[in-house]
Amino acid sequence: MRKIVQYDDVKENKDFWRYFFCVNFPCAEDKDSDMSLLEIIEEKYEISKKWQDEFTGFYEGVFDENDGYVNDPSTLKIELKKGIYLFIEFHPGDTLYFLNDKKIGCTGPEFFIRKISWTDFECYTRELGCVKKILLLPMVYVYENEKEKLKKCIFNGLKNLYFEEEDFELFYKVILENCLINNEIF
């Protein structure tokens, strides 16, 4: 059973956005510093552990008992376009992505990402604001010739979130690592 969370409930929650970026880009790494996006964010920004535990349903033993999954995850529901909904289930040990009822990926330890082309992403998110578009980015793959479009999407979204402008370029760089087609992973 999902606990549906509406976008309005999280859109101005800095803990949500910081947590989202920490856990949903498993291949986001800055090769220069050898740091993941999670490490980059944790080094500079604060996330309420209490909020995070409540939001994901974390409890002592959840990893031993259920491999980090809960029965009633907080699930963000976003209408992408008429009749097509994005559901993002936040578990303590994984984040699952669905288009309507079809699972399209996850970002946990055995991540399954890069399932939506940039062309499909643009089609799905055409009517969404910049920030909402970011919610689907973990499932997107881009080719070299689409990098500038990805950069514009990330920068436009980050302008409205709770990060310093001086970090936008680094965020783009590491999220590009997450989304760029790489023969080793794709």
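**Notebook: helix α3 and Tyr7**

I began with helix α3 (residues 37–44), whose buried residues (under 20% relative accessible area, 1.4 Å probe, protein chains only) are L37, I40 and I41. They span an arc of only 90 degrees around the axis, taken from the directions from the helix axis to the C-beta atoms, so they sit on the same side of α3. Helices here are DSSP runs of H or I with at least four residues, strands are runs of E with at least two, and both are numbered from the N terminus.

A note to self on the source: this is a predicted model, where local features need pLDDT of at least 70 and side-chain atom pairs count only at pLDDT 80 or more, while totals for chains, interfaces and linings use all residues. Residues are numbered from 1 along each chain as its sequence is written, and side-chain values use heavy atoms, leaving out hydrogens and water.

Next I looked at the face of α3 turned away from its buried side, and found E42 and E43 exposed (over 50% relative accessible area).

What covers the buried side? The cover includes α2 (14–23), β2 (29–30), β3 (35–36) and α9 (168–179), with contact meaning heavy atoms within 4.5 Å.

I then followed α9. L37, I40 and I41 of α3 meet L170, F171, V174 and I175 of α9.

Last, I turned to Y7, which lies in helix α1 (residues 7–10). Y7 is buried, with a relative accessible area of 14%. I listed its contacts beyond four places in sequence: W17, L76, K77, I78, V131, K132 and L135. The C-alpha atoms of Y7 and K77 are 6.9 Å apart, though 70 residues separate the two along the chain.
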